[in-house]
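Trainee: Got a minute to go through this one with me? I'd like to start with the open spaces and then move to the sheets.

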Amino acid sequence: MTIYYANGSPTTSLTNDDLREALKTTFDAISPPKKVLLLPPDQTRLFSRAGELTVLSHELLGDRVTDIMPALGTHSPMTPAQLDHMFPGVPHELFRPHRWRDDVVQLGEVPADFVSNATNGVYTKSWPAEVNRLLRDGQHDLIFSIGQVVPHEVIGMANYNKNVFVGTGGVSGINESHYLSAMVGIDQTLGIANTPLRQILNYAQDHFCQDMPLLYALTVIELLKDGTKLTRGLYIGDDHETFFAAAELSRQVNITHLPRAPKHVVAYLDPSEFKSTWLGNKAIYRTRKAIATGGRLTVLGPAVEEFGEDKRIDQLIRKYGYRTKNEVMQLVEEHEDLAADPSAAAHLVHGSPENRFDVVYAAGKLTDEEIRSVGFIPGDLNALLKRYDINTLQDGFHEDVDGTEFYFVQNPALGLWEAPLD
């Protein structure tokens with residue numbers, strides 16, 4: 001088990017040339033691959049620099065890259081325009097869509113006793129380790145998983161083998177992973193590297209992927225107050241230590257500790273990144289540990305047009321809405337359709353402010369009635385964009401037009417905000 005490249009600190013700023021040299025150093029150090037599968041994220045991780053790393057890998061490895069599979073998880077397949085934007089110059093014929101409901105195989109099961117121990121008895125079922133069949137049957141001699149480590153609501157710190165077991169996972173594995181994490185609790189998960197779910201995925205990798213030629217490239221990106229995004233670190237390796245090194249740097253640069261809990265937070269959802277509440281609710285996940293009890297979160301989502309990226313999940317969100325953890329658990333007991341889709345149930349829990357603060361959701365392509373039906377307060381997008389000029393606001397505290405204070409977040413996907421709460 002080896003770390004081939006590790007370069008990162010809170011003051012590091014890696015350039016495109018640095019990324020190219022890191023990849024070249026790595027490819028020179030490993031056995032020359034003949035058939036390569038690249039596993040980058042999709043456009044929902046547009047600012048991860050995984051797109052550039054994928055393009056550079058294709059340039060350096062040439063026709064040895066035979067397949068590229070964006071790790072969609074439950075997300076919609078990428079469009080040709082999105083592929084061109086994120087992976088410029090890479091031929092479309094190399095891309096393979098991941099069909100999470102159909103095209104998967106089970107590698108093994110993490111035993112129930114291990115899952116129970118990891119979750120302190122909160123979840124007592126075994127966990128199925130599933131991946132897209134191309135990973136097992138594609139006869140690749142290198143599977144290169146590329147992505148960003150950043151605080152995450154389901155896994156604690158995103159990426160690493162989540163990109164494999166969730167990004168290319170199947171219905172059972174994704175559903176159960178999301179639900180068990182929700183039962184553990186989002187506030188006990190966010191920003192933590194060694195969560196129960198991470199321990200479960202690490203077990204699966206250690207026991208079921210011995211013959212799978214996995215290699216990971218993990219970036220750490222910091223968003224500065226003026227909107228500048230700096231690559232603070234890049235770690236390439238095939239073991240858990242690669243991930244934990246990246247996670248420690250992410251903890252230092254991606255978690256913002258506020259001196260006081262704002263009564264009002266305004267979060268912007270970039271149209272190129274967020275078109276659903278399934279994704280856009282990162283505005284709730286990543287700020288919930290900062291918003292004062294009784295406060296308000298205003299979400300500005302110009303491109304939000306649906307609730308779930310998956311049609312079935314979209315229907316379930318519309319039917320049940322965002323509820324407290326206890327309410328969702330009761331609904332799962334009472335309704336077969338929700339019980340059959342635990343990842344949707346987990347999402348409903350994660351998207352709920354647990355009656356602690358209000359959520360005003362200004363979605364550009366959903367009606368007020370649709371927003372209200374899932375438990376949020378509709379907002380007038382045009383009026384709010386005039387009031388909160390996203391082109392001039394920086395992350396931080398600001399004075400509102402009525403003299404009150406609000407805290408602005410440019411991109412909730414790139415961090416986690418915490419403050420002392422009552």
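**Pockets, cavities and sheets**

Mentor: Sure. The lining of the largest pocket splits into 12 nonpolar, three polar and three charged residues. Keep in mind that this is a predicted model.

Trainee: How much space is in the largest pocket?

Mentor: The largest pocket holds about 340 Å³. It is lined by 18 residues, and Met212, Pro213, Leu214, Leu215 and Asp238 are the closest to its centre.

Trainee: Which element gives the most to the lining of that pocket?

Mentor: Strand 9 does, with three residues. Helix 8 (196–208) and strand 9 each supply at least two residues of that lining.

Trainee: OK, and closed spaces? How many cavities of 30 Å³ or more does a search of the whole structure find?

Mentor: Three of them. The largest cavity has a volume of about 390 Å³, and the second largest has about 110 Å³ of space.

Trainee: Which residues lie nearest the centre of the largest cavity?

Mentor: Arg45, His75, His152, Lys162 and His178, out of 27 lining residues. By type, that lining has 10 nonpolar, 12 polar and five charged residues.

Trainee: Which helices supply at least two residues each to it?

Mentor: Helix 6 (162–165), helix 7 (171–184), helix 10 (277–280), helix 11 (282–285) and helix 15 (342–350).

Trainee: And the second largest cavity, what lies nearest its centre?

Mentor: Thr44, Arg45, Gln148, Val150 and Ala413, from a lining of 13 residues. You've met Arg45 already, among the residues nearest the centre of the largest cavity. The lining of the second largest cavity divides into five nonpolar, four polar and four charged residues.

Trainee: Switching to sheets. What's the strand order in the one that has strand 9?

Mentor: That open sheet has six strands in the order 1-10-9-6-2-3, with mixed pairing. Strand 1 (3–8) and strand 3 (65–68) are the edges, each pairing on one side only. On average, neighbouring strands there are turned by 20 degrees against each other, ignoring direction.

Trainee: How many bridges join strand 6 to strand 9?

Mentor: Six, between residues 142–148 of strand 6 and residues 214–223 of strand 9, and the two strands run parallel. For one pair, look at isoleucine 146, whose bridge partner in strand 9 is alanine 217.

Trainee: What does helix 1 touch on that sheet?

Mentor: Helix 1 (residues 16–29) packs on the sheet and touches strand 1, strand 6, strand 9 and strand 10 (229–237). Its direction makes about 160 degrees with that of strand 1.

Trainee: And the sheet with strand 12, what's the order there?

Mentor: That is an open sheet of six strands too, ordered 15-14-13-12-17-16, with mixed pairing. Its edge strands are strand 15 (377–378) and strand 16 (396–399), each of which pairs on one side only.

Trainee: Do you have a pairing in there I can look at? Which residue is the bridge partner of valine 265 in strand 13?

Mentor: Leucine 297. Strand 12 (residues 264–268) and strand 13 (residues 296–301) run parallel and are joined by five bridges.

Trainee: Last one: what feature does UniProt place at residues 29–181?

Mentor: The unreviewed UniProt entry has "domain: LarA-like N-terminal" there. Over residues 29–181 the chain is 31% helix and 21% strand, with its end C-alpha atoms 37 Å apart.

Notes: Residues numbered from 1 in each chain as written. Predicted model: local features only at pLDDT ≥ 70, side-chain atom pairs only at ≥ 80, totals over all residues. Heavy atoms only, no water. UniProt positions renumbered as here; feature names shortened; annotations may be inferred. Helix = DSSP H or I, 4+ residues; strand = E, 2+ residues; numbered from the N terminus. Pairing = 2+ DSSP bridges. 1 Å grid on protein atoms, 1.4 Å probe; cavity = no way out; pocket = protein on both sides within 12 Å on 5 of 7 lines; lining within 4 Å. Points joined across faces, edges and corners; volume = space filled by probe spheres on them. Nonpolar A, V, L, I, M, F, W, Y, C, P; charged D, E, K, R; others polar. Axes fitted to C-alpha atoms, helices over the stretch in contact; angles between N-to-C directions. Contact = heavy atoms within 4.5 Å.
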